[in-house]
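Here are some exercises to try with the sequence and the model side by side. Have a go at each task before you read the solution.

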Amino acid sequence: MGAAAFALRIDIARSAMVEAQAEAEKASPPSPEWGAREEEAWKLVQQIARETQPFSFTEAEPIRVALERAVDAVATHFHPGAPHARLRITLPEGLLLAERLLRDLRVAIITHVPGARSIRLSDAAWAKETFDRYGEATRRVYSFADVILRLVRSVGNPKGGFLAEANRLLIGQVGGFLSMRLRAELTLLLIHEIGRAAIDAHSGRLRLADDELSTAARVESEAAEEDLVGPVRILLLGQVNAGKSSLLNAMAEQVHRAVGPTPMRSDVEELALKFEGRPEVVLIDTPGVGNEPAASKTLRDKVETADLIIWVASATQPARSLDVEALRKIRAIFKDRTDLHMPPVLCAMTHIDELTPAFEWVPPYDLIRADRPKAISIREAIEHVGDLLDIPCERIVPVYVRDIGGAYNIDLLWNLIASRLDEARAVKIRRLQSVAAGFSVPAVLSQMAAGGRWLAKAIRQTRS
(Lines give C-alpha, C1' and ligand atoms only; values in the text may rest on other atoms or scores of the structure.)
Protein backbone atom coordinates (compact mmCIF):
# COMPACT_ATOMS: atom_id res chain seq x y z
CA MET A 1 0.00 0.00 0.00
CA GLY A 2 2.90 2.34 0.78
CA ALA A 3 4.39 1.94 -2.73
CA ALA A 4 0.98 2.46 -4.34
CA ALA A 5 0.41 5.59 -2.22
CA PHE A 6 3.83 6.96 -3.19
CA ALA A 7 3.14 6.35 -6.90
CA LEU A 8 -0.29 7.96 -6.54
CA ARG A 9 1.25 10.99 -4.83
CA ILE A 10 3.80 11.45 -7.63
CA ASP A 11 1.13 11.13 -10.31
CA ILE A 12 -1.19 13.56 -8.53
CA ALA A 13 1.62 16.11 -8.07
CA ARG A 14 2.52 15.91 -11.75
CA SER A 15 -1.13 16.30 -12.81
CA ALA A 16 -1.60 19.23 -10.45
CA MET A 17 1.35 21.12 -11.89
CA VAL A 18 0.34 20.46 -15.52
CA GLU A 19 -3.26 21.54 -14.95
CA ALA A 20 -2.25 24.57 -12.89
CA GLN A 21 0.16 25.70 -15.60
CA ALA A 22 -2.52 25.36 -18.29
CA GLU A 23 -5.05 27.34 -16.24
CA ALA A 24 -2.54 30.03 -15.29
CA GLU A 25 -1.44 30.55 -18.90
CA LYS A 26 -5.09 30.73 -19.95
CA ALA A 27 -5.93 33.26 -17.22
CA SER A 28 -2.75 35.31 -17.75
CA PRO A 29 -1.89 35.29 -21.48
CA PRO A 30 0.70 37.55 -23.11
CA SER A 31 -0.64 40.94 -24.11
CA PRO A 32 -1.58 41.10 -27.82
CA GLU A 33 -0.25 44.69 -27.84
CA TRP A 34 3.31 43.61 -27.03
CA GLY A 35 6.12 43.71 -29.56
CA ALA A 36 8.87 41.14 -30.14
CA ARG A 37 11.09 42.28 -27.24
CA GLU A 38 8.19 42.16 -24.78
CA GLU A 39 7.27 38.66 -25.96
CA GLU A 40 10.86 37.48 -25.43
CA ALA A 41 10.77 38.88 -21.89
CA TRP A 42 7.44 37.12 -21.28
CA LYS A 43 9.02 33.78 -22.19
CA LEU A 44 11.62 34.39 -19.47
CA VAL A 45 8.85 35.09 -16.96
CA GLN A 46 6.98 31.92 -17.96
CA GLN A 47 10.15 29.86 -17.60
CA ILE A 48 10.77 31.19 -14.10
CA ALA A 49 7.14 30.53 -13.17
CA ARG A 50 7.39 26.92 -14.36
CA GLU A 51 10.63 26.35 -12.45
CA THR A 52 9.30 27.76 -9.17
CA GLN A 53 7.93 25.31 -6.63
CA PRO A 54 4.39 26.19 -5.45
CA PHE A 55 4.47 28.67 -2.58
CA SER A 56 3.10 27.56 0.77
CA PHE A 57 1.97 31.19 1.30
CA THR A 58 2.94 30.87 4.96
CA GLU A 59 6.49 32.15 4.42
CA ALA A 60 7.36 35.43 2.74
CA GLU A 61 10.99 34.75 1.82
CA PRO A 62 10.43 32.18 -1.02
CA ILE A 63 7.84 34.52 -2.55
CA ARG A 64 10.19 37.52 -2.38
CA VAL A 65 13.07 35.55 -3.95
CA ALA A 66 10.96 34.26 -6.85
CA LEU A 67 9.40 37.65 -7.61
CA GLU A 68 12.76 39.40 -7.51
CA ARG A 69 14.12 36.77 -9.88
CA ALA A 70 11.32 37.48 -12.36
CA VAL A 71 11.75 41.26 -12.11
CA ASP A 72 15.55 41.01 -12.50
CA ALA A 73 15.21 38.74 -15.55
CA VAL A 74 12.93 41.27 -17.25
CA ALA A 75 15.05 44.28 -16.28
CA THR A 76 18.27 42.61 -17.50
CA HIS A 77 16.55 41.68 -20.77
CA PHE A 78 15.70 45.33 -21.47
CA HIS A 79 18.90 46.80 -19.96
CA PRO A 80 21.66 44.22 -20.57
CA GLY A 81 24.83 44.94 -18.65
CA ALA A 82 23.34 47.84 -16.70
CA PRO A 83 24.04 47.92 -12.95
CA HIS A 84 20.92 47.82 -10.78
CA ALA A 85 18.81 47.13 -13.88
CA ARG A 86 15.62 46.64 -11.88
CA LEU A 87 15.83 50.24 -10.64
CA ARG A 88 16.03 51.81 -14.10
CA ILE A 89 12.58 53.40 -13.77
CA THR A 90 11.72 56.82 -12.42
CA LEU A 91 9.82 57.49 -9.20
CA PRO A 92 6.65 58.64 -11.06
CA GLU A 93 6.80 55.46 -13.16
CA GLY A 94 7.13 53.38 -10.02
CA LEU A 95 4.12 55.08 -8.44
CA LEU A 96 2.10 54.66 -11.62
CA LEU A 97 3.07 50.99 -11.70
CA ALA A 98 1.97 50.52 -8.08
CA GLU A 99 -1.31 52.27 -8.83
CA ARG A 100 -2.01 49.96 -11.76
CA LEU A 101 -1.08 46.82 -9.81
CA LEU A 102 -3.39 47.79 -6.96
CA ARG A 103 -6.24 48.52 -9.40
CA ASP A 104 -5.82 45.16 -11.14
CA LEU A 105 -5.55 43.39 -7.77
CA ARG A 106 -8.79 45.00 -6.61
CA VAL A 107 -10.61 43.84 -9.75
CA ALA A 108 -9.21 40.31 -9.39
CA ILE A 109 -10.25 40.06 -5.74
CA ILE A 110 -13.79 41.31 -6.42
CA THR A 111 -14.11 38.92 -9.37
CA HIS A 112 -12.58 35.75 -7.97
CA VAL A 113 -12.73 35.85 -4.14
CA PRO A 114 -16.15 34.81 -2.76
CA GLY A 115 -17.53 37.25 -0.22
CA ALA A 116 -14.83 39.86 -0.91
CA ARG A 117 -17.36 42.71 -0.81
CA SER A 118 -18.67 41.72 2.64
CA ILE A 119 -15.53 40.46 4.43
CA ARG A 120 -13.95 43.22 6.51
CA LEU A 121 -10.28 43.40 7.40
CA SER A 122 -11.38 43.25 11.04
CA ASP A 123 -13.00 39.86 10.32
CA ALA A 124 -9.73 38.52 8.94
CA ALA A 125 -7.84 39.90 11.95
CA TRP A 126 -10.33 38.20 14.33
CA ALA A 127 -9.98 34.88 12.49
CA LYS A 128 -6.18 35.06 12.70
CA GLU A 129 -6.23 35.95 16.41
CA THR A 130 -8.66 33.09 17.12
CA PHE A 131 -6.54 30.60 15.21
CA ASP A 132 -3.35 31.79 16.90
CA ARG A 133 -5.00 31.39 20.32
CA TYR A 134 -6.88 28.10 19.92
CA GLY A 135 -5.71 26.57 16.66
CA GLU A 136 -2.82 24.47 17.98
CA ALA A 137 -4.77 23.13 20.99
CA THR A 138 -7.75 22.26 18.79
CA ARG A 139 -5.48 20.47 16.33
CA ARG A 140 -3.92 18.37 19.10
CA VAL A 141 -7.30 17.37 20.59
CA TYR A 142 -8.62 16.44 17.16
CA SER A 143 -5.49 14.43 16.33
CA PHE A 144 -5.63 12.50 19.62
CA ALA A 145 -9.36 11.72 19.23
CA ASP A 146 -8.81 10.64 15.62
CA VAL A 147 -6.06 8.17 16.61
CA ILE A 148 -8.26 6.63 19.36
CA LEU A 149 -11.20 6.29 16.96
CA ARG A 150 -9.08 4.59 14.30
CA LEU A 151 -7.62 2.13 16.84
CA VAL A 152 -11.07 1.19 18.20
CA ARG A 153 -12.42 0.76 14.67
CA SER A 154 -9.48 -1.47 13.63
CA VAL A 155 -9.82 -3.73 16.72
CA GLY A 156 -13.59 -4.09 16.48
CA ASN A 157 -13.74 -4.53 12.70
CA PRO A 158 -10.36 -5.21 11.06
CA LYS A 159 -11.77 -5.45 7.52
CA GLY A 160 -13.79 -2.27 7.91
CA GLY A 161 -10.80 -0.56 9.47
CA PHE A 162 -8.59 -1.51 6.54
CA LEU A 163 -11.12 -0.15 4.03
CA ALA A 164 -11.51 3.04 6.09
CA GLU A 165 -7.74 3.58 6.13
CA ALA A 166 -7.57 3.03 2.36
CA ASN A 167 -10.40 5.51 1.86
CA ARG A 168 -8.68 7.98 4.19
CA LEU A 169 -5.47 7.68 2.18
CA LEU A 170 -7.29 8.26 -1.10
CA ILE A 171 -9.17 11.28 0.23
CA GLY A 172 -5.92 12.64 1.64
CA GLN A 173 -4.26 12.35 -1.76
CA VAL A 174 -7.20 14.06 -3.48
CA GLY A 175 -7.10 16.82 -0.86
CA GLY A 176 -3.38 17.14 -1.42
CA PHE A 177 -4.02 17.39 -5.15
CA LEU A 178 -6.53 20.21 -4.67
CA SER A 179 -4.23 22.05 -2.28
CA MET A 180 -1.20 21.70 -4.54
CA ARG A 181 -3.25 22.62 -7.61
CA LEU A 182 -4.50 25.81 -5.96
CA ARG A 183 -1.07 26.77 -4.60
CA ALA A 184 0.60 26.05 -7.95
CA GLU A 185 -1.94 28.11 -9.87
CA LEU A 186 -1.70 31.05 -7.46
CA THR A 187 2.11 30.86 -7.63
CA LEU A 188 2.11 30.93 -11.42
CA LEU A 189 -0.43 33.76 -11.60
CA LEU A 190 1.50 35.86 -9.07
CA ILE A 191 4.78 35.51 -10.98
CA HIS A 192 3.03 36.14 -14.29
CA GLU A 193 1.40 39.36 -13.10
CA ILE A 194 4.56 40.70 -11.47
CA GLY A 195 6.47 39.83 -14.66
CA ARG A 196 3.82 41.55 -16.80
CA ALA A 197 4.09 44.71 -14.71
CA ALA A 198 7.90 44.63 -14.98
CA ILE A 199 7.68 44.25 -18.77
CA ASP A 200 5.39 47.26 -19.09
CA ALA A 201 7.62 49.33 -16.82
CA HIS A 202 10.97 48.49 -18.40
CA SER A 203 9.71 48.52 -22.01
CA GLY A 204 8.65 52.13 -21.55
CA ARG A 205 4.89 51.59 -21.59
CA LEU A 206 4.61 53.50 -18.32
CA ARG A 207 7.19 56.09 -19.24
CA LEU A 208 6.19 59.68 -18.67
CA ALA A 209 7.37 62.62 -20.72
CA ASP A 210 9.11 65.67 -19.29
CA ASP A 211 5.99 67.76 -19.86
CA GLU A 212 3.87 65.32 -17.88
CA LEU A 213 6.41 65.20 -15.06
CA SER A 214 6.13 68.98 -14.70
CA THR A 215 2.33 68.98 -14.70
CA ALA A 216 2.19 69.28 -10.91
CA ALA A 217 4.34 72.39 -10.98
CA ARG A 218 2.19 74.05 -13.61
CA VAL A 219 -1.08 73.09 -11.95
CA GLU A 220 0.19 74.85 -8.81
CA SER A 221 -0.19 78.16 -10.61
CA GLU A 222 -3.61 77.05 -11.91
CA ALA A 223 -2.47 77.91 -15.42
CA ALA A 224 -2.93 74.45 -16.90
CA GLU A 225 -6.43 72.97 -16.97
CA GLU A 226 -5.81 70.47 -19.76
CA ASP A 227 -3.64 67.41 -20.05
CA LEU A 228 -0.27 68.63 -21.32
CA VAL A 229 0.05 65.70 -23.71
CA GLY A 230 -3.33 66.48 -25.26
CA PRO A 231 -6.54 64.43 -25.42
CA VAL A 232 -6.38 60.69 -26.03
CA ARG A 233 -7.15 59.72 -29.62
CA ILE A 234 -9.60 56.81 -29.81
CA LEU A 235 -9.96 54.95 -33.09
CA LEU A 236 -13.28 53.21 -33.79
CA LEU A 237 -12.76 50.13 -35.94
CA GLY A 238 -14.91 47.20 -37.03
CA GLN A 239 -16.87 45.71 -39.88
CA VAL A 240 -19.36 47.61 -42.04
CA ASN A 241 -22.68 48.12 -40.18
CA ALA A 242 -21.18 47.01 -36.88
CA GLY A 243 -22.44 50.26 -35.34
CA LYS A 244 -19.37 52.51 -35.25
CA SER A 245 -21.22 55.70 -36.19
CA SER A 246 -24.06 54.87 -33.80
CA LEU A 247 -21.52 54.36 -31.03
CA LEU A 248 -19.87 57.70 -31.84
CA ASN A 249 -23.26 59.44 -31.65
CA ALA A 250 -24.11 57.72 -28.34
CA MET A 251 -20.76 58.67 -26.79
CA ALA A 252 -21.21 62.26 -28.04
CA GLU A 253 -24.83 62.28 -26.79
CA GLN A 254 -25.99 63.79 -30.07
CA VAL A 255 -26.07 62.86 -33.75
CA HIS A 256 -22.84 63.65 -35.58
CA ARG A 257 -22.84 60.85 -38.15
CA ALA A 258 -25.80 59.66 -40.23
CA VAL A 259 -26.49 55.96 -39.84
CA GLY A 260 -28.38 53.48 -41.96
CA PRO A 261 -28.35 50.02 -43.53
CA THR A 262 -25.56 51.14 -45.88
CA PRO A 263 -22.53 53.31 -45.06
CA MET A 264 -23.43 56.99 -45.56
CA ARG A 265 -19.85 58.29 -45.94
CA SER A 266 -16.50 56.71 -46.60
CA ASP A 267 -14.18 59.32 -45.11
CA VAL A 268 -12.70 59.39 -41.62
CA GLU A 269 -14.21 61.86 -39.17
CA GLU A 270 -12.60 63.12 -35.98
CA LEU A 271 -14.71 64.44 -33.15
CA ALA A 272 -13.33 66.06 -29.97
CA LEU A 273 -15.37 65.32 -26.83
CA LYS A 274 -15.04 67.01 -23.47
CA PHE A 275 -17.65 66.26 -20.80
CA GLU A 276 -17.44 67.04 -17.10
CA GLY A 277 -16.39 63.95 -15.18
CA ARG A 278 -15.13 62.15 -18.27
CA PRO A 279 -11.71 62.07 -19.94
CA GLU A 280 -11.17 64.41 -22.85
CA VAL A 281 -10.85 62.35 -26.03
CA VAL A 282 -10.89 62.59 -29.79
CA LEU A 283 -13.11 59.94 -31.43
CA ILE A 284 -12.04 58.87 -34.91
CA ASP A 285 -14.73 57.15 -36.96
CA THR A 286 -13.52 55.03 -39.87
CA PRO A 287 -14.95 53.11 -42.82
CA GLY A 288 -15.68 49.47 -42.10
CA VAL A 289 -12.80 47.04 -42.48
CA GLY A 290 -14.80 45.38 -45.21
CA ASN A 291 -14.58 48.59 -47.25
CA GLU A 292 -10.97 49.49 -46.57
CA PRO A 293 -8.28 46.84 -45.99
CA ALA A 294 -6.43 47.03 -42.70
CA ALA A 295 -3.18 47.28 -44.65
CA SER A 296 -4.26 50.42 -46.58
CA LYS A 297 -2.02 53.45 -46.04
CA THR A 298 -4.87 55.71 -44.87
CA LEU A 299 -6.05 53.32 -42.19
CA ARG A 300 -2.48 52.37 -41.27
CA ASP A 301 -1.66 56.04 -40.68
CA LYS A 302 -4.73 56.40 -38.46
CA VAL A 303 -3.80 53.30 -36.47
CA GLU A 304 -0.24 54.55 -35.96
CA THR A 305 -1.52 57.88 -34.60
CA ALA A 306 -4.15 56.34 -32.31
CA ASP A 307 -3.70 56.03 -28.55
CA LEU A 308 -6.51 53.57 -27.94
CA ILE A 309 -8.63 51.37 -30.19
CA ILE A 310 -12.28 50.47 -29.65
CA TRP A 311 -13.18 47.50 -31.80
CA VAL A 312 -16.89 47.65 -32.57
CA ALA A 313 -18.27 44.13 -33.04
CA SER A 314 -21.91 43.27 -33.72
CA ALA A 315 -23.19 40.55 -31.39
CA THR A 316 -25.28 39.11 -34.24
CA GLN A 317 -22.52 39.02 -36.88
CA PRO A 318 -22.03 35.34 -37.86
CA ALA A 319 -18.84 35.96 -39.88
CA ARG A 320 -15.84 37.16 -37.88
CA SER A 321 -13.07 36.47 -40.37
CA LEU A 322 -12.82 40.13 -41.43
CA ASP A 323 -12.48 41.24 -37.79
CA VAL A 324 -9.92 38.55 -36.99
CA GLU A 325 -7.79 39.21 -40.06
CA ALA A 326 -7.91 43.01 -39.75
CA LEU A 327 -6.95 42.93 -36.08
CA ARG A 328 -4.16 40.46 -36.84
CA LYS A 329 -2.71 42.84 -39.47
CA ILE A 330 -2.98 45.83 -37.14
CA ARG A 331 -1.13 43.97 -34.38
CA ALA A 332 1.51 42.95 -36.93
CA ILE A 333 2.19 46.65 -37.66
CA PHE A 334 3.57 47.11 -34.16
CA LYS A 335 5.16 43.70 -33.67
CA ASP A 336 8.68 44.69 -34.68
CA ARG A 337 8.42 48.43 -34.05
CA THR A 338 10.61 49.71 -31.23
CA ASP A 339 9.60 53.35 -31.72
CA LEU A 340 5.85 52.77 -31.23
CA HIS A 341 3.68 50.89 -28.79
CA MET A 342 0.52 49.07 -29.80
CA PRO A 343 -2.52 50.99 -28.50
CA PRO A 344 -4.63 49.06 -25.97
CA VAL A 345 -7.65 47.44 -27.62
CA LEU A 346 -11.12 47.56 -26.05
CA CYS A 347 -14.29 46.17 -27.59
CA ALA A 348 -17.81 47.56 -27.74
CA MET A 349 -20.26 44.76 -28.61
CA THR A 350 -23.33 46.22 -30.32
CA HIS A 351 -26.75 44.85 -31.33
CA ILE A 352 -27.09 42.93 -28.07
CA ASP A 353 -30.84 43.65 -28.08
CA GLU A 354 -31.17 41.30 -31.07
CA LEU A 355 -29.73 38.28 -29.24
CA THR A 356 -32.10 35.54 -28.17
CA PRO A 357 -34.75 35.92 -26.94
CA ALA A 358 -35.03 38.60 -29.62
CA PHE A 359 -38.21 40.20 -28.27
CA GLU A 360 -36.85 40.66 -24.75
CA TRP A 361 -35.09 43.94 -24.06
CA VAL A 362 -35.45 45.00 -20.44
CA PRO A 363 -32.03 46.26 -19.28
CA PRO A 364 -30.05 46.29 -17.07
CA TYR A 365 -28.69 42.73 -17.22
CA ASP A 366 -26.53 41.03 -14.59
CA LEU A 367 -23.88 39.17 -16.60
CA ILE A 368 -22.25 37.62 -13.53
CA ARG A 369 -25.27 35.75 -12.23
CA ALA A 370 -26.85 35.64 -15.71
CA ASP A 371 -30.23 34.72 -14.26
CA ARG A 372 -32.18 35.66 -17.40
CA PRO A 373 -32.01 34.11 -20.90
CA LYS A 374 -30.94 37.42 -22.49
CA ALA A 375 -28.14 37.84 -19.96
CA ILE A 376 -26.92 34.32 -20.72
CA SER A 377 -26.91 35.11 -24.47
CA ILE A 378 -24.97 38.34 -23.94
CA ARG A 379 -22.37 36.67 -21.75
CA GLU A 380 -21.89 33.82 -24.24
CA ALA A 381 -21.50 36.36 -27.08
CA ILE A 382 -18.85 38.24 -25.07
CA GLU A 383 -16.89 35.05 -24.44
CA HIS A 384 -17.12 34.05 -28.12
CA VAL A 385 -15.97 37.46 -29.42
CA GLY A 386 -13.20 37.68 -26.84
CA ASP A 387 -11.88 34.25 -27.77
CA LEU A 388 -11.86 34.96 -31.52
CA LEU A 389 -10.38 38.48 -31.33
CA ASP A 390 -7.96 37.68 -28.48
CA ILE A 391 -9.45 40.44 -26.31
CA PRO A 392 -9.92 39.73 -22.58
CA CYS A 393 -13.60 39.59 -21.61
CA GLU A 394 -13.08 42.32 -19.02
CA ARG A 395 -12.21 44.68 -21.90
CA ILE A 396 -15.49 43.99 -23.73
CA VAL A 397 -18.57 46.11 -22.99
CA PRO A 398 -21.99 45.11 -24.38
CA VAL A 399 -23.79 48.27 -25.51
CA TYR A 400 -27.07 49.37 -27.05
CA VAL A 401 -26.61 52.45 -29.25
CA ARG A 402 -29.49 52.28 -31.71
CA ASP A 403 -31.31 55.05 -29.83
CA ILE A 404 -29.24 57.83 -28.21
CA GLY A 405 -31.92 58.54 -25.62
CA GLY A 406 -32.09 54.88 -24.61
CA ALA A 407 -28.39 54.05 -24.97
CA TYR A 408 -27.25 51.31 -22.60
CA ASN A 409 -23.86 50.78 -20.90
CA ILE A 410 -22.23 53.89 -22.39
CA ASP A 411 -21.21 54.97 -18.88
CA LEU A 412 -19.58 51.56 -18.37
CA LEU A 413 -17.66 52.04 -21.63
CA TRP A 414 -16.46 55.46 -20.47
CA ASN A 415 -15.32 53.90 -17.18
CA LEU A 416 -13.37 51.25 -19.08
CA ILE A 417 -11.74 53.96 -21.20
CA ALA A 418 -10.81 55.88 -18.04
CA SER A 419 -9.21 52.75 -16.55
CA ARG A 420 -6.92 52.48 -19.57
CA LEU A 421 -5.92 56.14 -19.82
CA ASP A 422 -2.47 55.50 -18.34
CA GLU A 423 -1.68 52.96 -21.08
CA ALA A 424 -3.14 55.20 -23.79
CA ARG A 425 -1.11 58.21 -22.64
CA ALA A 426 2.02 56.07 -22.56
CA VAL A 427 1.35 55.12 -26.19
CA LYS A 428 0.86 58.78 -27.07
CA ILE A 429 4.02 59.90 -25.29
CA ARG A 430 6.02 57.11 -26.94
CA ARG A 431 4.87 58.41 -30.27
CA LEU A 432 5.50 62.08 -29.45
CA GLN A 433 8.93 61.40 -28.01
CA SER A 434 10.78 58.42 -29.39
CA VAL A 435 13.23 58.72 -26.54
CA ALA A 436 11.65 59.88 -23.28
CA ALA A 437 13.94 61.83 -21.63
CA GLY A 438 17.19 62.32 -20.17
CA PHE A 439 18.08 64.72 -17.49
CA SER A 440 16.50 68.15 -18.03
CA VAL A 441 17.85 71.10 -16.02
CA PRO A 442 14.81 73.37 -16.70
CA ALA A 443 12.41 70.59 -15.70
CA VAL A 444 14.29 69.87 -12.47
CA LEU A 445 14.43 73.59 -11.59
CA SER A 446 10.71 73.88 -12.29
CA GLN A 447 9.99 70.89 -10.04
CA MET A 448 12.20 72.38 -7.28
CA ALA A 449 10.31 75.65 -7.52
CA ALA A 450 6.97 73.83 -7.30
CA GLY A 451 8.23 71.88 -4.29
CA GLY A 452 9.34 75.09 -2.62
CA ARG A 453 5.95 76.71 -3.21
CA TRP A 454 4.19 73.65 -1.78
CA LEU A 455 6.44 73.64 1.29
CA ALA A 456 5.93 77.36 1.90
CA LYS A 457 2.17 76.94 1.56
CA ALA A 458 2.19 74.02 4.02
CA ILE A 459 4.19 76.09 6.56
CA ARG A 460 1.72 79.00 6.26
CA GLN A 461 -1.23 76.67 6.80
CA THR A 462 0.46 75.12 9.84
CA ARG A 463 1.13 78.50 11.44
CA SER A 464 -2.37 79.72 10.78
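**Exercise 1. Work out whether Tyr365 is buried or exposed, then find its ring partner.**

Keep in mind that this is a predicted model.

Step 1. Start with the accessibility: Tyr365 has a relative value of 8%. Buried means under 20%, so Tyr365 counts as buried.

Step 2. Now look for the partner. Tyr365 forms an aromatic pair with Trp361, with 5.7 Å from centre to centre. The planes make 40 degrees, and the pair is tilted.

Step 3. Check the partner too. Trp361 comes out at 24% relative accessibility, so it counts as partly exposed.

**Exercise 2. Find out why the pair of Trp361 and Tyr400 is called tilted, and which parts of the chain it ties together.**

Step 1. Take the geometry. The ring centres of Trp361 and Tyr400 are 5.2 Å apart and the planes stand at 40 degrees. Planes under 30 degrees apart would count as stacked and over 60 as edge-to-face, so this pair is tilted.

Step 2. Place both residues. Trp361 sits in the loop between strand E5 (345-350) and helix H12 (373-389), while Tyr400 sits in the loop between E6 and helix H13 (410-419). The pair therefore ties together parts that are 39 residues apart in sequence.

Step 3. Check the burial: Tyr400 has 13% relative accessibility, so it counts as buried.

Step 4. Zoom out a bit. Trp361, Tyr365, Tyr400 and Tyr408 make up one aromatic cluster. In the whole structure there are four aromatic pairs.

**Exercise 3. Find which residues are joined by cis peptide bonds in the loop between E5 and H12.**

Step 1. Go to Thr356 and Pro357: a cis peptide bond joins them, with omega at about -10 degrees. Pro357 belongs to the loop between E5 and H12.

Step 2. Move along to Pro363 and Pro364, which are also joined by a cis peptide bond. Here omega is about 5 degrees, and Pro364 is in the loop between E5 and H12 as well.

**Exercise 4. Write down the strand order of the six-stranded open sheet and name its edge strands.**

Step 1. Read across the sheet: the order is E2-E3-E1-E4-E5-E6, and the pairing is mixed.

Step 2. Pick the strands that pair on one side only. These edge strands are E2 (269-273) and E6 (396-398).

Step 3. How are neighbouring strands turned against each other? On average by 25 degrees, ignoring direction.

Step 4. Zoom in on one pairing. Strand E1 (residues 232-238) and strand E3 (residues 281-285) run parallel, joined by four bridges. Look up Leu235 and you'll find its bridge partner in E3, Ile284.

Step 5. See what packs on the sheet. Helix H11 (residues 321-335) does, touching E1 and strand E4 (308-314). The directions of H11 and E4 make about 170 degrees.

**Exercise 5. Say where Glu253 and Asp390 lie, and what their phi values are.**

Step 1. Glu253 isn't a glycine, yet its phi is positive, at about 65 degrees. You'll find Glu253 in the loop between helix H9 (244-252) and E2. With 47% relative accessibility, Glu253 counts as partly exposed.

Step 2. Asp390 isn't a glycine either, and its phi is positive at about 55 degrees. Asp390 lies in the loop between H12 and E6. At 39% relative accessibility, Asp390 counts as partly exposed.

Definitions and conventions. Residues are numbered from 1 along each chain as its sequence is written. This is a predicted model: local features need pLDDT of at least 70, side-chain atom pairs count only at pLDDT 80 or more; totals for chains, interfaces and linings use all residues. Side-chain values use heavy atoms; hydrogens and water are left out. Two strands pair if DSSP finds at least two bridges between them. Helices (H or I, at least four residues) and strands (E, at least two) are DSSP runs, numbered from the N terminus. Axes are lines fitted to C-alpha atoms, for helices over the stretch in contact, and angles run from 0 to 180 degrees between N-to-C directions. Contact means heavy atoms within 4.5 Å. Rings of Phe, Tyr and Trp (its six-membered ring) pair if their centres lie within 6.5 Å; planes under 30 degrees apart count as stacked, over 60 as edge-to-face and the rest as tilted. Buried means under 20% relative accessible area, exposed over 50%, partly exposed in between (1.4 Å probe, protein chains only).
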